[in-house]
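The exercises below are to be worked with the sequence and the coordinates at hand. Each task is followed by a solution in steps.

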Amino acid sequence: MAETHVQSVVLSGTKRNVGDDFGSDDFIMTKKSAALKMWNDDPVEALASARHEFGEHGGVNMSIEASATFTVMEPETMRRMFSGELGPDRDFFIYSRHFNPTVLNLSRQMAALEGTEAAYCTASGMSAISSVLMQLCSSGENVVASPCLYGGTHALLTHFLPRACNITTTFVDVRDLDKVKDAIVEGKTKVLYVEAMSNPTLTVANIPELSRIAHDKGVMLVVDNTFAPMVISPARLGADVVVHSISKYISGGADIIAGAICGPASLIKSMMDLHQGPLMILGPTMNAKVAFELSERIPHLGLRMKEHCHRALVYATRMKKLGLKVIYPGLEEHPQHTLLKSMANREYGFGGILCVDMETEERANRLMHHLQNYTEFGFMAVSLGYYETLMSCSGSSTSSEMNAEEKELAGISPGLVRMSIGYSGSLEQRWSQFEKALARIQDGKNCS
Ligand SMILES: Cc1ncc(COP(=O)(O)O)c(C=O)c1O
């Protein structure tokens, strides 16, 4: 019970010493020395410096706190917890829609990964995005956003937020920095929103310049880093908030839907406010068992990303040699290749997604059909970051929320095949499967 835990922080399974002097925000923050140091660090080093939670019985892994509710010894304690006087910083927990120790642990890992002061995890990437936008913007206020966004986010900004919250969005090509400056209305625009590497067009955002523009105008830069964890660290480059669909690379298993908001401790605390915070009021809560699963996968995210990125670069280079129209930020002719090189963390590469533009939906479908059903190169499925290669024709799937004009503006051709390159099997085995499928469609043969 909470009263006894206050004196027994070592027994509660953390490395923390009884005498350690932690500030009041420490419970949501990644280890302080690491937080200061990590700005120059590899994300893997920052993760290794974050606090390691041990299990209740000394297990190397933390115990799962599976309780929805937490008991107290004295009725007065309940009042003090609800007034905010006693909280997770002193090991007082109320209800798992609010703070849960296991979700908090994953959140500290996410903060370390992204180099932010704090983070909190949610039940999906969309709930992380919608909650943070609803926290940062009020009725009558505005978001300036790139038109090249995941279809769900585009629909949230285009339809849901104006209808339900009177929050409008001005879409602007964020590659044109002057247009971004002109689109921001000081006092009214609260958020500049981009994807670090856009879904599905793989446009890379100039985060240092966009953050400079945002900050000059008193606006927060929110970056979705779902496509490039480890590869890009948006907060290190000036972003205020980093959001994730953990469902993708961070999970890696295509078996969990989850999200995260990484940012300043003050933002995370306000979003967790017991009486008014959107994470408490809207309830996009992550389950503790899911949080435990995910915290076991984060330590090998770096290794997985290196292999995804290595194979994507090799395949993109070879596909180009075969005369295919490939979009991949690791290729020198990609318009933001030099920019990405200047922003990327060393040794992770240029991302694990590549696109092949087959020009028509019919040709795109034929390629995917042969790659899945004839040579078993990968699966026709949406999503990304899985150990198997996943392929989808974006215009008719994950970007189908957009109308034809919006797709054209975002640069999504009807024949664009997005491939999330997996690492199962050997690189050469998979490449021969790709070549065989391509030869088959070039011969005009159909799969029987
Ligand atoms: C870039 C990006 N952001 C956010 C999301 C939404 O995440 P989730 O499916 O976890 O809600 C997706 C999903 O495809 C995505 O690709």
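**Exercise 1. A loop residue**

Task: In this predicted model, decide whether Leu 384 counts as buried or exposed, and describe its surroundings.

Solution.
- Step 1. Count the C-beta neighbours: Leu 384 has 27 of them inside 10 Å. The cut-off for a buried residue is 20 or more, so Leu 384 counts as buried.
- Step 2. Place the residue in the fold. Leu 384 sits in the loop between S10 and strand S11 (390-393).
- Step 3. List the contacts, setting aside neighbours within four places in sequence. Leu 384 is then in contact with Lys 248, Ile 353, Leu 390 and Ser 420.
- Step 4. Take a distance to a residue far along the chain. Gly 253 lies 131 residues from Leu 384 in sequence, and their C-alpha atoms are separated by 9.7 Å.

**Exercise 2. The open sheet**

Task: Give the strand order of the open sheet of 5 strands, and state which strands are its edges.

Solution.
- Step 1. The order is S8-S9-S12-S11-S10, and the pairing is mixed.
- Step 2. An edge strand pairs on one side only, and this applies to S8 and to strand S10 (379-380).
- Step 3. Inspect one pair within the order. S9 and strand S12 (residues 416-420) are antiparallel, with 5 bridges. Across this pair, Cys 355 stands opposite Arg 418 in S12.

**Exercise 3. Strand S5 and its partners**

Task: Describe how the residues of S5 point, and find the strands that pair with S5.

Solution.
- Step 1. Strand S5 covers residues 220-224, and 5 of its 5 residues are buried.
- Step 2. Sort the residues by direction. Met 220, Val 222 and Asp 224 point one way, Leu 221 and Val 223 point the other way, and all are buried.
- Step 3. Strand S4 (residues 189-195) pairs with S5 in the parallel sense over 5 bridges. One of the bridge partners is Asp 224 in S5, matched to Glu 195.
- Step 4. Follow the connection. From S4 the chain passes through helix H9 (residues 207-216) to S5, and this β-α-β crossover is right-handed.
- Step 5. S5 also pairs in the parallel sense with strand S6 (residues 241-245), over 3 bridges. Here Val 222 has Val 241 in S6 as its bridge partner.

**Exercise 4. Strand S7**

Task: Why is strand S7 (residues 259-263) described as largely enclosed, and in which sense does S7 pair with S1 and with S6?

Solution.
- Step 1. Because 5 of the 5 residues of S7 are buried, the strand is largely enclosed by the rest of the structure.
- Step 2. Gly 259, Ile 261 and Gly 263 point one way from S7, whereas Ala 260 and Cys 262 point the other way.
- Step 3. Strand S1 (residues 118-122) runs antiparallel to S7 and is joined to it by 5 bridges. Tyr 120 stands opposite Ile 261 in this pair.
- Step 4. S6 and S7 are antiparallel as well, over 4 bridges, and Val 242 is bridged to Cys 262 in S7.

**Exercise 5. Strand S2**

Task: Which strands are joined to S2, and over how many bridges?

Solution.
- Step 1. Strand S2 (residues 142-145) runs parallel to strand S3 (residues 168-171), with 4 bridges between them. In S3, Thr 170 is the bridge partner of Val 144.
- Step 2. Between S2 and S3 the chain crosses through H7, in a right-handed β-α-β crossover.
- Step 3. S2 is also joined to S4 by 4 bridges, again in parallel. Asn 142 stands opposite Thr 189 in S4.

**Exercise 6. Helix H13**

Task: Check the span of helix H13 (residues 301-321) against its number of residues, then state what covers its buried residues.

Solution.
- Step 1. With 21 residues at 1.5 Å a residue, H13 should span 30 Å. Its end C-alpha atoms are 30 Å apart, which agrees.
- Step 2. The buried residues of H13 include Leu 301, Met 305, His 308, Leu 313 and Met 319.
- Step 3. Among the elements covering the buried residues are helix H3 (43-49), helix H12 (288-297) and helix H17 (427-442), together with strands S8 (326-327) and S9 (353-357).
- Step 4. After H13 comes Gly 323, with a positive phi near 95°.

**Exercise 7. The ligand shell**

Task: How many residues surround the ligand, and which helices each supply at least two of them?

Solution.
- Step 1. The shell has 16 residues, and the closest are Ser 124, Gly 125, Tyr 150, Ser 245 and Ser 247.
- Step 2. By class, 4 are nonpolar, 10 polar and 2 charged.
- Step 3. Helix H6 (125-136) and helix H7 (151-165) each supply at least two residues of the shell.

Conventions. Residues numbered from 1 in each chain as written. Predicted model: local features only at pLDDT ≥ 70, side-chain atom pairs only at ≥ 80, totals over all residues. Near = placed C-beta within 6 Å. Nonpolar A, V, L, I, M, F, W, Y, C, P; charged D, E, K, R; others polar. Buried ≥ 20, exposed ≤ 12 C-beta atoms within 10 Å, placed from the backbone. Pairing = 2+ DSSP bridges. Right-handed = clockwise from strand over helix to strand, strands pointing away. Expected span 1.5 Å × (residues − 1). Contact = placed C-beta atoms within 7 Å.
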